[in-house]
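Here's a quick briefing to read alongside the model. Keep the viewer open and hop to each spot as it comes up.

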Amino acid sequence: MTARYHEWAPDEEDGWVWSPIGASRVLVFCDGGIHEEMLKDSVRTNAYRDAILKNKQLFKGKNVLDVGCGTGILSMFAAKAGAAHVVGVDMSNIIDQAQKIIEANGFKDKITLVKGKVEEVELPVKEFDIIISEWMGYFLLYESMLDTVLLARDKYLKNDGLLFPDVCTMYLAAIEDGDYKEEKIGYWDNVYGFDYSCIKEVALREPLVDTVDLKAVVTQPFAFKRIDLRTAKKEDLDFEAPFKLTATRNDYIHAFIGWFDTEFSCLHVPMRFSTGPHAKYTHWKQTVFYTREAITVSQATTDESLLKTNEEINGTIKVSPNARNNRDLDIVIEYQHNGSDGSASERLEFQMS
């Protein structure tokens, strides 16, 4: 997985690492500085704040478990909403800073923080009314904690308990991105007169996490996977799903993109936010999967002698945890397109690591 722009940045363990631009300017006290980026993601943080604080009746007097509590922001929202007691769990050193934050904001008696893995620690409360967690990763499932949330659900959540959030939906679309694909992928064909094409194959297998301009999208989006956290099982995170992308204009396709929507459907007035190219920026951005060949697509015309329906790309996407590291993802996209300007089909293999 790559980000579009990089620079050398300080790293606590390795000294210096090749990191996305801006990483060296966020908090580096733990976990590569992701916490500041997440807190400053107003879409993400405001969605959780509103889901909790605008529904205080659900939290008043309840026991709440915050899985992967990080700096404790969600735990404090829950305490502010009237929870009787909040337990936050995190295995990283950020929990040491979270403890100071909890105390500084007057929640020491309402919030208990536990350092360790949910799978291993002993919690001071044995049963919870609500589980809150910001577990989503890039492309929803890369480095996500969903399996941990599901374990916490089965072990600690009451039968009528609530999950915040409780539904996520994954989407796929296709984009025109010829200029940047040439810059990123085509570059390796001729590097100062030398053949570096072996690196081109490596680059093609590595998805790109970046913001995509809505104007680049040339198909309708397709929802290929819905995950209901109330009923999902760990085995559901290894899946294959069909997709159908319908062209919205005459253009060329150079990549597929993926994103997800997150829902708090248990509320009286359900809430949701999207990480798609049509929505306000989030730190999850979108995930880009480049094709080897450009695909030509056309939309319908009013001329009865020509194309009468918008062309489609049909295929399947398979998503699996990597065998060596289950936080990484193996992704296979297979597609077929029979268009007015010719046919195309490919099997594309990617690894997010």
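**Surface patch**

Y187, Y192, F194 and Y196 together make a nonpolar patch of about 530 Å² on the surface. Bear in mind that this is a predicted model. The notes below start with that patch and then go through the strands, the backbone and the buried spots.

- If you want to find the patch, start from Y187, which sits in the loop between helix 7 (178-184) and helix 8 (197-205).
- Y187 has a relative accessible area of 37%, so it counts as partly exposed. Patch members need over 30% relative accessible area, and Y187 at 37% clears that bar.

**A parallel pair and its crossover**

- Strand 5 (residues 85-90) runs parallel to strand 6 (residues 111-115), and five bridges link the pair.
- To line the two up by eye, use V89, which stands opposite V114 in strand 6.
- Getting from strand 5 to strand 6 takes the chain through helix 5 (residues 94-104), and this β-α-β crossover is right-handed.

**An open antiparallel sheet**

- Now for a four-stranded sheet: it's open, its order is 12-16-17-18, and the pairing is antiparallel.
- Strand 12 (239-246) and strand 18 (342-352) are the edges, each with pairing on one side only.
- From one strand to the next, the twist averages 15°.
- Strand 12 pairs with strand 16 (residues 312-321) over eight bridges, in the antiparallel sense.
- A handy register mark here is A241, whose bridge partner in strand 16 is I317.

**Backbone spots to check**

- There's a cis peptide bond from F164 to P165, with omega near -5°. P165 itself lies in the loop between strand 8 (157-164) and strand 9 (167-175).
- F139 isn't a glycine, yet its phi is positive, at about 55°. Look for F139 in the loop between strand 7 (128-133) and helix 6 (146-156).
- Is F139 buried or exposed? F139 has 2% relative accessibility, and the cut-off for buried is under 20%, so F139 counts as buried.
- E143 is another non-glycine residue with a positive phi, near 55°. E143 also belongs to the loop between strand 7 and helix 6.
- With 47% relative accessibility, E143 counts as partly exposed, whereas F139 is buried.
- G82 comes just after helix 4 and has a positive phi of about 105°.

**Buried spots**

- How many of the eight residues of helix 4 (residues 73-80) are buried? Seven of them are, so the helix is mostly covered.
- The buried residues of helix 4 are I73, L74, S75, M76, F77, A78 and A79.
- F264 is part of strand 13 (residues 251-264). Its relative accessible area is 1%, so F264 is buried.
- In sequence, F264 and C168 are 96 residues apart, while in space their C-alpha atoms are 9.1 Å apart.

How values were computed. Residues are numbered from 1 along each chain as its sequence is written. This is a predicted model: local features need pLDDT of at least 70, side-chain atom pairs count only at pLDDT 80 or more; totals for chains, interfaces and linings use all residues. Side-chain values use heavy atoms; hydrogens and water are left out. Patches are made of residues with over 30% relative accessible area and no salt bridge: like charges are joined within 9 Å, nonpolar side chains (Val, Leu, Ile, Met, Phe, Trp, Tyr) within 5 Å. Accessible areas come from the Shrake-Rupley method with a 1.4 Å probe; for residues, only the protein chains shown count as cover. A salt bridge is a side-chain nitrogen of Lys or Arg within 4 Å of a carboxyl oxygen of Asp or Glu. Buried means under 20% relative accessible area, exposed over 50%, partly exposed in between (1.4 Å probe, protein chains only). Two strands pair if DSSP finds at least two bridges between them. A crossover is right-handed if, with the strands pointing away from the viewer, the path from the first strand over the helix to the second runs clockwise. Axes are lines fitted to C-alpha atoms, for helices over the stretch in contact, and angles run from 0 to 180 degrees between N-to-C directions.
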